[in-house]
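These are my notebook entries on a structure I was asked to examine. I record what I looked up, in the order in which I looked.

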Amino acid sequence: MNAIPTNEKALIQAIKSGGSQRQKAIRMIYDDRELRSKVIHYVRTHGGNAEDGQDMYQEGIIVLDRNIRENKFREETSLKGYLYSICRFLWMNQARKKAKTTLTSESTPFDGESDFTPESSYFETERKKLLQQVLDKMEARCRKILKLWQLSYSMAEIASEMKLANDTQARKAKYRCHQSLMKLIQEHPGIAQQLENLRK
Amino acid sequence: MNPEKYYDRIEHYLSGNMSEQEQNDFDKESKENPELQMAVDLFQLSQEAIEVDVESDLRQQMNNWQAEEQPTNIRPLKVASRRRRLSYIAAAACVLLLIGTFTIQWNAGNYSNEALASQYYQLPLGSDIRSGSAALDQNFDQAMNAFDDGAFEESMRLLGKASTPKSQYLLAHSYFQLGQFEQAISSFDKVVASNDSRLKEKAEWFGLLSRLEAGQEVQARLVKITADEGHSYHQQSIELNESLNSIWRNFTK
């Protein structure tokens, strides 16, 4: 297998480091016209249209971003090849859900998503809906602080972004917001069941 | 359950900052302590919730980038001011304005050069291009396969100097797929000039679509195809001509 190109390594590092570097890296990936055309072409030749292809490319980037940040992406594979396989797999799963067809060899899960099936995707979607309800109850400022923390911003960067006095204040704000989020989750009846499911 | 009690340790554990020994001890403790295990689950679920927000932001960001890519041929509407006492007229005007704006946006999306070219564009089929002696042309077959896989740059590399009309034709489609319309026009023109009977009309049509994508004038070429009833793309050319001269398209200009 080919070693991952240096420029791809830089993109991966930028996504991991978060902040504006992550934004720039994702923009570069998004602007990869050749890869985007390839994904759109794949979708168009497998029962979709160009718009579906564009959607799959975006969804693929979302999965890629998260997998890189969560260290699920094995860096010995090519970033472009990995993203293409994610998009292909997402499309095949979507098509399968719609048509209830059998999985073909092409829809082999990509690395890091071995348990990804239309069924698990359904439960994930449901869970996201519930979590979204919880998020909607939170203050916008708290949501932003938690997002920055999730994206690996340092406490000093969070303080600067949120106009807080210093990193100690940022840490306190993040703690308070996180506690508030967990409290809302605990109080949500639908999510209590999700917690139970996690424990099974 | 009191998750605050375990907060710092869980954060330390989930961020991967514990030593192997610490991790093992934590795993062992959480197995024996349901309250700790539940606090870990809750922490993870909260992170998942934040991730939903992160995803949502990224999706929005990419939608904005996509919108920036769309041609903006909508001119701002001038809305006449209305007196407050005629509020019902103002309300009606707002509704009409909204409908008008949506209509213009819809038309701009459906009648733009890009949308029309995309509507009439068709991917080339191997059977359209390959000749009977195609088996002898291994490079071309590989290039065609690469094209079918969406690997357009690889296809172009395999085509090399594209010395035959069919290679030039496939090269033109690769340029088109990559959005390099000027080069696509040049390649389609070369195919037309070669007078290859199987490809000439196709190249004329797709050359026209490439010009449309590139924002060039296409009327003269379109008239030529619409006037030729025997042309393979005669019917499509009539439809395209109607769309280009549609009141809706002109309305959004």
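**Entry 1: a residue at the contact.** I began with A:Leu131, which touches B:Glu48, B:Ala49 and B:Val52, leaving aside residues up to four places away in sequence. I note at the outset that the model is predicted. I located A:Leu131 in helix 6 of chain A, which spans residues 118–136. Is A:Leu131 buried or exposed? I counted 25 other C-beta atoms within 10 Å of A:Leu131. The cut-off for a buried residue is 20 or more, so A:Leu131 is buried. I then looked up its separation from A:Ile185, a residue 54 places away along the chain, and found 7.7 Å between the two C-alpha atoms.

**Entry 2: helix 9 of chain A against helix 3 of chain B.** A:Ile185 led me to the next helix pair. Helix 9 of chain A covers residues 167–187, and its axis lies 10 Å from that of helix 3 of chain B, at an angle of about 105 degrees. Angles of 65 to 115 degrees count as roughly perpendicular, and helix 9 of chain A is therefore roughly perpendicular to helix 3 of chain B. From helix 9 of chain A, I listed A:His178, A:Leu181, A:Met182, A:Ile185 and A:Gln186 as the contacting residues. On helix 3 of chain B, their counterparts are B:Leu42, B:Leu45, B:Ser46 and B:Ala49. I sorted this contact by class and obtained 6 nonpolar residues, 3 polar and no charged ones. B:Ala49 had already appeared in my first entry, as a residue touched by A:Leu131.

**Entry 3: the contact between the chains.** I next took the contact as a whole, to which chain A contributes 35 residues and chain B 29 residues. Which helices of chain B supply at least two residues each to the side that touches chain A? I found helix 3 (34–69) and helix 8 (152–159). Helix 3 of chain B gives the most to that side, with 19 residues. The side of chain B that touches chain A comprises 13 nonpolar, 7 polar and 9 charged residues.

**Entry 4: chain B overall.** I counted 14 helices and 0 strands in chain B. Of its 253 residues, 29% are buried. I also checked the contacts in chain B between residues at least 6 apart in sequence, and 50% of these join residues at least 24 apart.

**Entry 5: helix 7 of chain B.** Within chain B, I looked at helix 7 and recorded B:Phe140, B:Ala143, B:Met144, B:Ala146 and B:Phe147 as buried. Viewed down the axis of helix 7 of chain B, the buried residues fall within an arc of 160 degrees, so they line one face of the helix. Just after helix 7 of chain B, I noted that B:Gly150 has a positive phi of about 85 degrees.

**Entry 6: the partner of helix 7.** How do helix 7 (residues 138–148) and helix 9 (residues 165–177) of chain B cross? Their axes come within 11 Å and cross at roughly 20 degrees; the two helices are therefore roughly parallel to each other. I recorded the crossing of helix 7 of chain B past helix 9 of chain B as left-handed. B:Phe140, B:Ala143, B:Met144 and B:Phe147 of helix 7 meet B:Lys166, B:Ser167, B:Leu170, B:His173 and B:Ser174 of helix 9. By class, this contact has 5 nonpolar, 3 polar and 1 charged residues.

How values were computed
Residues numbered from 1 in each chain as written. Chains lettered and ligands numbered in written order. Predicted model: local features only at pLDDT ≥ 70, side-chain atom pairs only at ≥ 80, totals over all residues. Contact = placed C-beta atoms within 7 Å. Helix = DSSP H or I, 4+ residues; strand = E, 2+ residues; numbered from the N terminus. Nonpolar A, V, L, I, M, F, W, Y, C, P; charged D, E, K, R; others polar. Axes fitted to C-alpha atoms, helices over the stretch in contact; angles between N-to-C directions. Parallel < 35°, antiparallel > 145°, perpendicular 65-115°, else oblique. Left-handed = near helix turned anticlockwise from the far one by under 90°. Buried ≥ 20, exposed ≤ 12 C-beta atoms within 10 Å, placed from the backbone. Arc of directions from axis to C-beta.
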